[in-house]
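The exercises below deal with charged side-chain pairs and with one part of the surface. Each task is followed by a solution that proceeds step by step.

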Amino acid sequence: MAKNSQFSLDEGEVLHIKPESSISQTGINDFPIVGIGASAGGLEALELFFENMPINTGMAFVVIQHLDPTHIGMMPELLQRMSKMKVSQAEDAVRVKPNTVYVIPPNKSLSLLNSKLHLFSPTQARGLRLPIDIFFKSLAKDRMQKSVGVILSGMGSDGPLGLKAIKESEGIAIVQDPATAKFDSMPRSVLEIVVPDLVAPVEEIPSKMIGLIKFLPPANREAVFLTKSKNNLDKVIILLREQTGHDFSMYKESTLMRRVERRKGLHQIDEIQNYVRFLQENSSEIELLFKELLIGVTSFFRDPAVWIKLKEEIIPNILREMPSGYILRAWVPACSTGEEAYSLTIVFEEALSKIERTKRIKVQIFATDLDVLSIEKARKGFFYSSISKDVSQERINKFFVQEKDGYRVNASIREMIVFAPHNVIKDPPFTKLDIITCRNMLIYMEPELQNKLITLFNYSLNQGGIMMLGTAETIASTIKGFEAIDSKLKFYKRIARSAYPKFANFPSSFSHPKRITIDTMNETKVVENIQNLTYQIVLQRFSPASILVNSKGDIIYITGRTGKYLEPVAGKANWNVHAMAREGLRHELPVAFRKALQNFDPVFIENVKISENGIYHFINVTVQRIESPDVIKGIILIVFTDIQPVSENILSSLKSRKQTAGIKQRELEAALVRSNKDLNSVREEMQTSQEELKSTNEELQSTNEELQSTNEELTTSKEELQSLNEELQTVNTELQSKLIDFEQANNDMKNLLNSTEIATLFLDKELNIRRFTDPVTKISKLRVTDTGRPFTDLVCDLIYPEMANNALKVIKTLVPIQKEIASHNDRFYDVRIMPYRTLDDRIDGLVITFTDITAAKQAEELLKLENQYRRLFESAKDGILILNFDTGKIIDVNPFLVGMLGYSYEQFIEKSIWEIGSLKDIVANKDNFLELQKKEFVRYENLPLETAKGRNIHVEFVSNVYLVNTKKVI
């Protein structure tokens with residue numbers, strides 16, 4: 001069963017693409033490459049994608065975005081902020097490496113070959129470009145099952161054909177949920193063409209994509225699957241047949257296996273038997289698997305060499321041998337969404353334009369497919385603008401009509417094709433054909449079924465008919481009846497009827513009738529539905545002639561012989577009942593027809609006299625609008641019933657008895673004549689009005705042609721504007737991101753400058769204020785509104801009158817000027833005037849910095865004063881001793897006292913005064929030191945001291961308390 005746990009990849013964990021191994025060891029290129037297509041609004045989606053993508057996935061990523069060809073892209077730098085993987089701009093011939101992101105350069109298209117990226121210059125300067133389709137197609141061919149395509153937000157219709165190619169190569173197709181896309185045009189255009197493997201918001205795509213790749217089967221599991229899971233594969237075929245009615249038992253098992261394995265991987269189901277159970281419980285999954293099996297590999301003019309051969313040689317040879325008025329019949333089985341059928345029609349139309357119009361050859365093409373949804377798309381005949389890569393501009397102008405977001409085939413081409421659902425395996429084939437194009441359908445079938453279909457095509461073709469096969473298909477040597485015209489391009493000509501074997505479960509119209517023997521004739525046959533056979537006999541032999549027409553009178557179906565009542569008109573074929581009605585019926589039918597359209601009641605016309613080759617007949621006509629069944633509701637049924645005219649003898653014998661009735665009949669006939677005259681008059685007026693309307697219509701048609709020409713020019717301009725708009729959207733997004741970065745850098749710079757507390761003033765060349773930091777306001781009265789004013793107009797506290805002249809001098813000489821300037825409030829500043837240089841080394845103004853050096857200046861003055869006192873201290877002729885006020889330790893002693901007492905400098909320093917022998921008598925202990933602390937001034941005269949050498953001297957002792965650097969000393 002499907003696992004419910006969400007797959008995730010932790011930081012540092014490496015994605016294992018194959019069980020118990022990382023990137024395959026079979027080759028260095030065996031890793032998935034993810035192509036990511038985005039357009040306008042795609043930057044935000046790309047950032048979310050890579051923000052949620054782990055670094056060690058083993059995958060490579062190539063970003064394809066619509067870029068302005070004249071703008072230098074910043075996408076690599078922007079994405080590098082969101083991803084730890086290396087992000088770089090793609091270069092020509094660079095080999096793709098895993099865990100790396102490559103971004104398409106501006107004004108380039110990108111393709112992949114042998115794991116190398118190749119850059120191409122676009123052929124158009126502007127207008128419609130499809131770089132996503134181009135890269136995705138090359139990715140599908142180069143990487144096959146290892147290709148992954150992701151479509152994110154964007155405008156236009158670029159991407160569907162490329163993603164379809166990836167899907168056809170059994171790669172993975174992923175689309176951002178349109179509801180979450182800033183611009184949903186690209187995701188929605190993909191969903192209309194491709195059934196993706198994953199549709200999710202962009203932030204969920206990375207984890208789901210990793211889980212999907214992890215569960216997809218490796219290439220070498222095919223043999224194991226076919227040997228061990230054949231029984232479960234048969235069960236899958238049974239479930240498909242029960243729900244869809246289509247039998248895939250004769251399709252190649254390897255193809256079925258790959259599709260089933262893909263669906264298993266999408267649901268993260270490990271075993272095939274669990275997937276069978278999942279199919280039983282989810283009927284919608286059966287439909288999705290059915291669509292997966294019917295992936296259409298098609299495009300306009302696929303394999304150009306085939307269509308050139310068909311146009312220049314095959315079709316001209318066919319048309320040359322056809323008689324005038326011939327209707328050429330062609331069949332395109334497995335037409336998918338109609339590209340090949342329309343391609344064939346265009347080639348026929350081009351070939352018909354080169355032959356003589358007098359031959360009046362017409363073409364009728366039958367295009368069929370098993371998928372009803374594909375047939376519906378083909379019938380609409382609408383294709384996105386991306387077909388311009390496969391269809392030349394000349395053909396688009398001639399055979400298509402421009403519409404919003406794409407092109408629609410014109411009416412003349414559409415009318416040549418009949419699209420219909422058809423199962424080529426079990427439904428009766430089309431016959432009497434001149435050409436069959438069955439390309440790339442047989443490769444999905446077993447050889448037995450291939451041979452049966454080739455034999456079926458032989459039966460369907462006329463003698464000399466042409467059969468086209470795909471370049472990978474061929475005819476088995478056991479099948480006779482075809483001659484190879486071009487074995488390389490797969491053109492074959494029917495030269496003889498094949499020997500038909502008996503087919504079981506094959507179109508009944510193809511089987512040979514059995515030889516009837518006497519025994520079989522005597523056997524009683526059991527008819528399964530005798531009621532239907534009875535209805536058929538009654539309808540063929542006893543029912544009146546009738547026709548089914550639509551509300552406009554166009555004939556849809558004919559029952560019985562209607563030649564007596566209807567006849568073709570001369571000129572262009574017209575199957576309208578009003579135009580084909582014979583004389584007599586032509587005047588009566590329109591009135592009854594209009595009445596029948598008003599409700600579902602029958603309308604009767606009696607005794608209508610019609611003429612057939614000069615012979616008159618009387619008929620009754622019934623016209624009724626059908627109410628049920630719903631399939632043909634609203635269709636008009638017209639029934640013709642012959643009546644026998646009354647003979648002259650019978651009229652004379654009945655005259656006496658019905659004289660009164662005869663008078664009444666003549667009155668009615670006279671009234672009928674008058675009504676016919678009035679009706680004819682109305683018809684004449686209507687005909688006149690129609691002629692006037694035709695004239696007006698011709699004028700309108702001429703005006704319409706002019707408007708159409710103008711519309712084509714406007715459409716071209718619209719395409720160019722749309723492309724330019726996408727490019728501008730991308731540039732705008734990048735500039736917005738850059739603006740955010742600049743704003744952040746500006747804030748950082750402002751905070752940095754303010755945090756230095758250095759007053760900085762930025763001036764332009766005219767000395768006008770450009771910007772300033774907050775500390776400048778302490779020097780000059782500046783406000784935000786002063787930006788742009790000359791700084792010389794402002795009042796400044798600095799005593800620097802020549803500052804303006806110095807500023808002009810720096811601009812002229814480019815030599816910085818630095819000065820110490822005092823202010824009026826007794827502060828000092830170091831003023832530096834420097835030239836302002838841009839990144840490209842261009843002078844664009846001045847930078848003036850004001851560094852407050854007041855504290856340094858004061859420290860310098862104190863230092864000078866201290867030096868003066870030090871010189872006095874050291875040169876004094878009195879002994880000086882400096883003590884710590886609190887501890888009594890000696891801080892300093894001058895040289896005179898050292899020499900006088902005979903102690904060394906070291907013996908004094910960091911000792912208490914009472915520890916010096918000769919001074920003990922003055923301060924015997926610490927307690928006596930308190931007296932010196934309490935008294936600011938102490939004096940002892942003729943105090944006896946003993947030097948270190950024992951000599952007795954008498955000194956005067958004076959003690960004072962001083963304040964030095966906020967600290968007291970003695």
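**Exercise 1.** In this predicted model, find which side chains meet when lysine 309 takes part in a salt bridge, and decide whether each partner is buried or exposed.

*Solution.* The side chain of lysine 309 meets that of aspartate 486 in a salt bridge, with a distance of 3.6 Å from N to O. Next, place the partners along the chain: lysine 309 belongs to helix H12 (residues 304–321) and aspartate 486 to strand E19 (residues 482–486), so that the pair, 177 residues apart, links distant parts of the chain. For the last step, the cut-off for a buried residue is a relative accessible area under 20%. Lysine 309 has a relative accessibility of 17% and therefore counts as buried, and aspartate 486, with a value of 17%, counts as buried because it falls under that cut-off.

**Exercise 2.** Determine which residue forms a salt bridge with aspartate 390, and where the two partners lie.

*Solution.* Aspartate 390 pairs with lysine 137, and the closest N and O atoms are 3.9 Å apart. This value satisfies the criterion for a salt bridge, which asks for a nitrogen within 4 Å of a carboxyl oxygen. Aspartate 390 sits in the loop between strand E13 (382–384) and helix H15 (393–399), whereas lysine 137 is in helix H3 (residues 131–143); with their positions 253 residues apart, the pair links distant parts of the chain. Aspartate 390 is partly exposed at 27% relative accessibility, and lysine 137 is likewise partly exposed at 27%.

**Exercise 3.** Describe the salt bridge of glutamate 403, then state how many salt bridges the model contains.

*Solution.* Glutamate 403 and arginine 408 meet through their side chains in a salt bridge of 2.7 Å, N to O. Glutamate 403, at 27% relative accessibility, counts as partly exposed, and arginine 408, with a relative accessible area of 28%, is also partly exposed. For the model as a whole, the count comes to 25 salt bridges. Salt bridges also link Glu47, Arg81 and Asp741 in a network.

**Exercise 4.** Identify which residues form a nonpolar patch on the surface, and examine leucine 862 as one of its members.

*Solution.* The patch is made of Leu862, Leu865, Tyr869 and Leu872, which together have about 440 Å² of accessible area. Leucine 862 is found in helix H25 (residues 854–875). Its relative accessible area is 55%, and since exposed means over 50%, leucine 862 is classed as exposed.

Terms used:
Residues are numbered from 1 along each chain as its sequence is written. This is a predicted model: local features need pLDDT of at least 70, side-chain atom pairs count only at pLDDT 80 or more; totals for chains, interfaces and linings use all residues. Side-chain values use heavy atoms; hydrogens and water are left out. Helices (H or I, at least four residues) and strands (E, at least two) are DSSP runs, numbered from the N terminus. Buried means under 20% relative accessible area, exposed over 50%, partly exposed in between (1.4 Å probe, protein chains only). Patches are made of residues with over 30% relative accessible area and no salt bridge: like charges are joined within 9 Å, nonpolar side chains (Val, Leu, Ile, Met, Phe, Trp, Tyr) within 5 Å. Accessible areas come from the Shrake-Rupley method with a 1.4 Å probe; for residues, only the protein chains shown count as cover.
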